[in-house]
Amino acid sequence: MNKKAKCSEKVRGLLCFIAVFALSAGISAKPQQEDVLITLNLDKVSLQTVIDRIEEQSPYLFMNSGVDMDQVVSLKVSGQKIAEVCEALFTPIKVDYRIEARHIYISNQPVKNLVRISGTVMDPDGFPIPGAAVVESGTTNGTTTDIDGKFSLTVGDRGAEIEVSSLGYDMQVLPVGTRTTFNITLHEEAVALEGTVVTALGIRRDQKALSYNVQEVDSEMLTDVKNANFINALAGKVAGVTVNTSSSGVGGAAKVVLRGNKSISQSSNALYVIDGIPMYNFGGGGGTEFDSKGASESIADINPEDIESISVLTGAAAAALYGSEAANGAIMITTKAGQAGKLKVSFSSNTEFLSPFVLPEFQNMYGTGLNGKASGSGIYSWGQFMPESARYGYTPSDYFETGHTYTNSFSVSGGTDRNQTYFSAAAVNSDGIIPNNRYDRYNFTFRNTTFFLKDKLKIDASASYIIQKDQNMTNQGVYSNPLVPAYLFPRGNDFEIYRSFERYNEASKLMEQFWGDDLVGDLRMQNPYWINYRNLRNNDKKRYMLTLSAQYDILDCLNVSGRVRIDNSTNLYTQKLYASSESTITEGGKNGHYTEARGVDSQTYADVMVNVNKEFGRDWSLVANAGASINNIKTDTFTYGGPIQENGLANVFNVFDLDDVRKRASKEGWNDETQSVFASAEIGWKKMLYLTVTGRSDWASQLAGSSQSSFFYPSGGLSWVPTALWDMGALSYLKIRGSVASVGMPFPRFLTIPTYEYDATNKIWKDKTHYPIGDLKPERTLTYEVGLETSLWQDLSINLSWYLADTYNQTFDPSLPPSSTYTTIYLQTGSVRNTGVEASVG
């Protein structure tokens, strides 16, 4: 090979190397497809303008094959890849595109065989749905139905699908195929903004027809963060609801107040309703000065995993059909039932750690005493200034423990179209932040729903069994409240030496409380650990609930239904105060003190109703209910206790070894019964205007012997949904509502019959007699409410309510001194007014 050829070869190799290097540098200098993010906001411009802007922001070049570049388009994208930009730009104008390397080839889509279709969209009752959207799937090609529910639309070909939807109904997707005419029936959503909600008596109604405020809480909101008493989980989730958690700890009672306290002397707590049946909430309260006994309540026994949903009826109009029991509003609880289909098994397990959230601030600079001196008090910490070396650094945090709550739940659901079954079991086990405080609950639930007589008869039966035990629930008070000595323990003393709370006494041959005499003080304080382990309070409750409901469809628009529930519980409470406990609470007993209380609570409820749901032509509808109910509630508690006799066995607790002189027995109880008739009617016009009226009359046993043995309370309301008739653009839903209601509550029991008091200490009847008062009137609450519910773009919902409630004819005891020999006088005074605004955004 000559030199010239060799030189040429070298030049060519060098040029190839430079070309490859330049190409590599060029490629690496320009971003890859996945790295290009395009942002454009163009409205009604030419296609050429949009393509020019894309080329400015990316390395891609467009290759056009017959596409009209002057056609008007709009494009709004933010930080999207090139493939997503092309999809948004070309799909609506029926242009095909292909991305190859740095080129994008565009061409017109081939002409399809267009198909003209038409049809009618109706609701389940056969009435047309105006304004329903009919859209070809994957495109913006669509139309809406007219006032008669009719539509017509041209789609791309027979392989297309149409999507039919309307607010408040489930969407349907239908293939076009060979059909050109469609008769489509849309079914209502189970729960939607314009869907249905559970209202009074367990009746499910259209939300747009309600003239009062109803707020729903999904079961997931109750179980995401578990609480032994699920009612506490409502805090902060519903407008107008105040949840006051008690100090009893895990499983303790809670007070739920809707729209503020209304009654001076009676409860302002909301009514709890389970599957349409009111439940009397036994429990609550608790001890005070001498026993500090905490308390649970009936609603805390419910397993939150069994709850499907909760509806909160905050206003009197919403709860008027429940009468006096719902004068303070109602919380409607719908429980789970079996679902048709394959067997479904679920299990959940949760562990929660407990610790004090906020504690008072304490000082550790001054020692035991008062006024800067070591003398004057053995329990206060305002004595002499202590140098840092002399400070023990005690805080109540040293006393509290880390608590735990273990929740395990298991459920099984399944069945056929005509028979569905549900079973669940759950366990809650907790040790609290106070030493030796425990709470255990076990729930078992079975429910079966069956249809007979060609599905005209529906039988729903359920049974629940609950075992609940707790130890050392603490409410308040002084003598048996371990928080008092834990908080007031003097900062000049060493708390650590009192953790060993008992020491052996050779003289008495007993383990006795270890606590300094100077630490007792005026508050009769004990070693907090002695209270935890040697002042024991235990509850052992067993409860069962049996529910049976039946509904028979006489006609498509007419049915009759009946329900009955039996709710019984028994409870054994024991208090064991060991020898050397504070003599004030042991009544001077040196060998200890024992109390035993056996309680029986029962509620029997039954009702029967006739229900009408009828539409007349296209414009008018009627939903009416009429019925009667009976509610019998009874509680009985027998208590027996006293100090252990001096020649008895110390710290051996039974009813046989009590001091004959100081032991005492007491029996408390009452039996209330309310018989009622009620009716409601809802008249609708064009599914946009609804008038609702209700009425109920109660015959309550508390009123027997008074001048007014029964009372009637009505309610009325109006609801208007203008968006059902007119398209308001972004305002996809608007409802304006107003209501007025009058509900009542009987005065306290025993006021209309003579009663006598028994002196358990002296074992005689007292001379003092409560004479009957016959001129009392039932307590009344008159409420007014107006509200507005709206939805913007079907995504943002706003609910506003204004209310005013006047409660009058209130009966209260003027609290005469205990030494008074006069008959207790009950007075009826003026009204209590509540007014406010509720707002929720979702």
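A residue counts as buried when its relative accessible area is under 20%. Keep that cut-off in mind as you look through these views of a predicted model.

**View 1. The whole protein chain, with its eight helices and 43 strands.** Start here to get your bearings. The chain has 842 residues, and 45% of them count as buried. The surface that the chain exposes comes to about 41,400 Å², and carbon and sulfur atoms supply 56% of that area. Now think about contacts between residues with a separation of 6 or more: 65% of these join residues 24 or more positions apart.

**View 2. Helix α3 and its buried residues.** Helix α3 runs over residues 82-90. Which of its residues are buried? They are I82, V85, C86, L89 and F90. Around the helix axis these residues cover an arc of only 105 degrees, so they lie on the same side of α3. What covers them? The cover includes helix α2 (47-57), together with the strands β1 (38-46), β2 (61-65), β3 (72-80), β4 (95-100) and β5 (103-108).

**View 3. An open sheet of four strands.** Read across the sheet and you meet the strands in the order β8-β7-β10-β11, with antiparallel pairing. Strands β8 (142-144) and β11 (172-175) are the edge strands, as each pairs on one side only. On average, neighbouring strands of this sheet are turned by 20 degrees against each other, direction ignored. As a reminder, strands of a sheet pair through backbone hydrogen bonds, either parallel or antiparallel.

**View 4. A closer look at the pair β7 and β10.** Here you can follow one pairing from that sheet. Strand β7 covers residues 133-136 and strand β10 covers residues 161-165. How many bridges join them? There are four, and the strands pair in the antiparallel sense. To find one of these places, look for V135: its bridge partner in β10 is E163.

**View 5. S346 and its contacts.** You will find S346 in strand β22, which spans residues 341-354. Is S346 buried or exposed? With a relative accessible area of 31%, S346 is partly exposed, because this value falls between the two cut-offs of 20% and 50%. Leaving aside neighbours within four places in sequence, S346 is in contact with S409, F410 and S411. S409 lies 63 residues away from S346 in sequence, yet their C-alpha atoms are 8.2 Å apart in space. Finally, look at S411: its side chain and that of S346 are joined by a polar contact of 2.5 Å.

Notes. Residues are numbered from 1 along each chain as its sequence is written. This is a predicted model: local features need pLDDT of at least 70, side-chain atom pairs count only at pLDDT 80 or more; totals for chains, interfaces and linings use all residues. Side-chain values use heavy atoms; hydrogens and water are left out. Helices (H or I, at least four residues) and strands (E, at least two) are DSSP runs, numbered from the N terminus. Buried means under 20% relative accessible area, exposed over 50%, partly exposed in between (1.4 Å probe, protein chains only). Contact means heavy atoms within 4.5 Å. A polar contact is a pair of N or O atoms within 3.5 Å; within protein, one must be able to donate a hydrogen and the other to accept it, and residues adjacent in sequence count only if both atoms are side-chain atoms. The arc is that of the directions from the helix axis to the C-beta atoms. Accessible areas come from the Shrake-Rupley method with a 1.4 Å probe; for residues, only the protein chains shown count as cover. Two strands pair if DSSP finds at least two bridges between them. Axes are lines fitted to C-alpha atoms, for helices over the stretch in contact, and angles run from 0 to 180 degrees between N-to-C directions.
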